[in-house]
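I opened my notebook to keep track of what I looked up, one entry at a time. Come along and check each entry against the picture.

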Amino acid sequence: MNAAVSTSAGVLEARNIVKTFSVRREGRTREVRAVNDVSVAVAPGEIVGLVGESGCGKTTLSRIMIGIEQPTQGEVRYGGKPVADRADWAALRRSVQYVFQDPFTALCPTMRIGKALAEPLAIHGLCAPSERDGKVARMLEMVGLHPDVARRMPNQLSGGQRQRVNLARALMVEPKILICDEIVSGLDVSVQAQVLQLLLDLKQRLDLSLIFISHDLRVIRYLCDRVLVMYLGEIVEQGETASVFDNPRHDYTRTLLAAIPDHSRALAAMADNA
Ligand SMILES: Nc1ncnc2c1ncn2[C@@H]1O[C@H](COP(=O)(O)OP(=O)(O)OP(=O)(O)O)[C@@H](O)[C@H]1O
Ligand SMILES: [Mg+2]
């Protein structure tokens, strides 16, 4: 199956992305090929999972898809057109929001939650200053938090609450696509299940599509419509989640699946906790 989706509105696509980094070690410069000819696309309403072990290039690929990192080769397309100039990237950065891996470092430690949530509205020049507090309160409720959380500092929140705040912050500018990079990895399993359930609710209510990055196959299976398996910078297998899990074709996918002692039981527990 080819990841490239035919031209259409709302589709975010990376085509044939290659990314090499120059790394200096022991006085010598070496090229590291972090991403090697990867294509991925997410269509409206879809949850696409990107799974693979640490260092396989997941974050690098996703950073390229929002323009934080430049690809060595390949292009990013949005709505069927290449994202070419500054205006295109500015538009994409509002429509596509990135939710960071670590809820403990993603928020500025000295900024109240309300201010952190209002900041993207100011940056993007959205809504009058007098309306910002109301919007912050509504967004906190949307992610299952009390509006009073706006007055707190990040260190007064639990990891799960912080990750909800991070989601709220990403949602303030009304994006169409969220790229979630290991957003539940640092959380306890029961809190993970709550955040995943919240993501599914938000996806329905706000009509979002998601790229969900994780090294955890249980989480991918629970959430994703489609999955791409990445290994050493390449996509080695992709397809509908159930068919990849039930009938893995690549040795690496089999190894990943075998590394979960009893994934059906773990999944059932997660669903029960949700
Ligand atoms: N700025 C950089 N300079 C040099 N090498 C880099 C840089 N960023 C990433 N790399 C290398 O590129 C490869 C892919 O890294 P990346 O962070 O994309 O992996 P990942 O799949 O997100 O891993 P993890 O699951 O640990 O988050 C790794 O070998 C990493 O060391
Ligand atoms: Mg990463």
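The entries below go from the ligand to a helix beside it, then to the empty spaces and a few single residues.

**Entry 1: the kind of model**

I noted at the start that this is a predicted model.

**Entry 2: around ligand 1**

I began by asking which residues surround ligand 1. My list reads F21, V23, A34, E53, S54, G55, C56, G57, K58, T59, T60 and E182.

Next I looked up backbone atoms that come up to an oxygen atom of the ligand. G55 has a backbone N or O atom 2.8 Å from an oxygen atom of ligand 1. For G57 I wrote down 3.1 Å, again from a backbone N or O atom to an oxygen atom of the ligand. For C56 the corresponding distance is 3.2 Å.

**Entry 3: helix α1**

K58, T59 and T60 are among the residues around the ligand, and helix α1 covers residues 58-65. I wanted to know why α1 is described as largely enclosed by the rest of the structure. The reason is that six of its eight residues are buried. I copied out their names: K58, T60, L61, S62, I64 and M65.

Just after α1 I found G67, which takes a positive phi of about 80°.

**Entry 4: a closed space beside α1**

Here is the idea I used for the next search: rolling a probe the size of a water molecule over the atoms shows where empty space is left.

How many cavities of 30 Å³ or more are there? The count comes to one, and about 30 Å³ of space lies in it. Its lining is made of L50, K58, L61, S62, M65, I179 and I211. Helix α1 gives the most to this lining, with four residues. By type, I sorted the lining into five nonpolar residues, one polar and one charged. K58 appears again here, having already turned up around ligand 1.

**Entry 5: the largest pocket**

I moved on to the open spaces. The largest pocket holds about 430 Å³ of space. Its lining has 16 residues, and R93, Q97, Y98, F100 and R169 lie nearest the centre. The elements that give two or more residues to this lining are β6 (96-99), α3 and α5.

Which element gives the largest share? It is β6, with four residues. The lining divides into eleven nonpolar residues, three polar and two charged.

**Entry 6: helix α3**

Since α3 helps line that pocket, I looked at its residues one by one. The helix spans residues 113-123, and I113, G114, A116, L117, A118, P120 and L121 are buried. What covers these buried residues includes α4 (129-142) and α5 (159-171). So α5 has a place in two of my entries, as a cover for α3 and as part of the lining of the largest pocket. After α3 comes G125, whose phi is positive, near 60°.

**Entry 7: the second largest pocket**

This pocket has a volume of about 250 Å³. I counted 15 lining residues, of which P175, K176, L206, D207 and L208 lie nearest the centre. Nine of the lining residues are nonpolar, three are polar and three are charged.

**Entry 8: S185 and D216**

I looked for S185 and found it in the loop between β7 (177-181) and α6 (189-206). Is S185 buried or exposed? The label is partly exposed, because its relative accessible area is 34%. Its side chain makes a polar contact of 2.5 Å with the side chain of E182, and E182 is one of the residues around ligand 1. Leaving aside neighbours within four places in sequence, S185 is in contact with Q192 and H215. I also checked S185 against N36: they are 149 residues apart in sequence and 25 Å apart in space, C-alpha to C-alpha.

D216 sits in another loop, between β8 (209-214) and α7 (217-223). Why does D216 count as buried? Its relative accessibility is 16%, and buried means under 20%. Not counting residues up to four places away in sequence, D216 touches V51 and Q192. Q192 is therefore on my contact lists for D216 and for S185, by the rule that contact means heavy atoms within 4.5 Å.

**Entry 9: T241**

My last stop was T241, in helix α8 (residues 241-246). T241 is buried, with a relative accessible area of 4%. Beyond its neighbours within four places in sequence, T241 is in contact with I220, R221, C224, D225, R226 and V227.

Terms used
Residues numbered from 1 in each chain as written. Chains lettered and ligands numbered in written order. Predicted model: local features only at pLDDT ≥ 70, side-chain atom pairs only at ≥ 80, totals over all residues. Heavy atoms only, no water. Buried < 20%, exposed > 50% of the residue type's maximum accessible area, 1.4 Å probe, protein only. 1 Å grid on protein atoms, 1.4 Å probe; cavity = no way out; pocket = protein on both sides within 12 Å on 5 of 7 lines; lining within 4 Å. Points joined across faces, edges and corners; volume = space filled by probe spheres on them. Nonpolar A, V, L, I, M, F, W, Y, C, P; charged D, E, K, R; others polar. Near = heavy atom within 4 Å. Polar contact = N/O pair within 3.5 Å; in protein donor to acceptor, adjacent residues only side chain to side chain.
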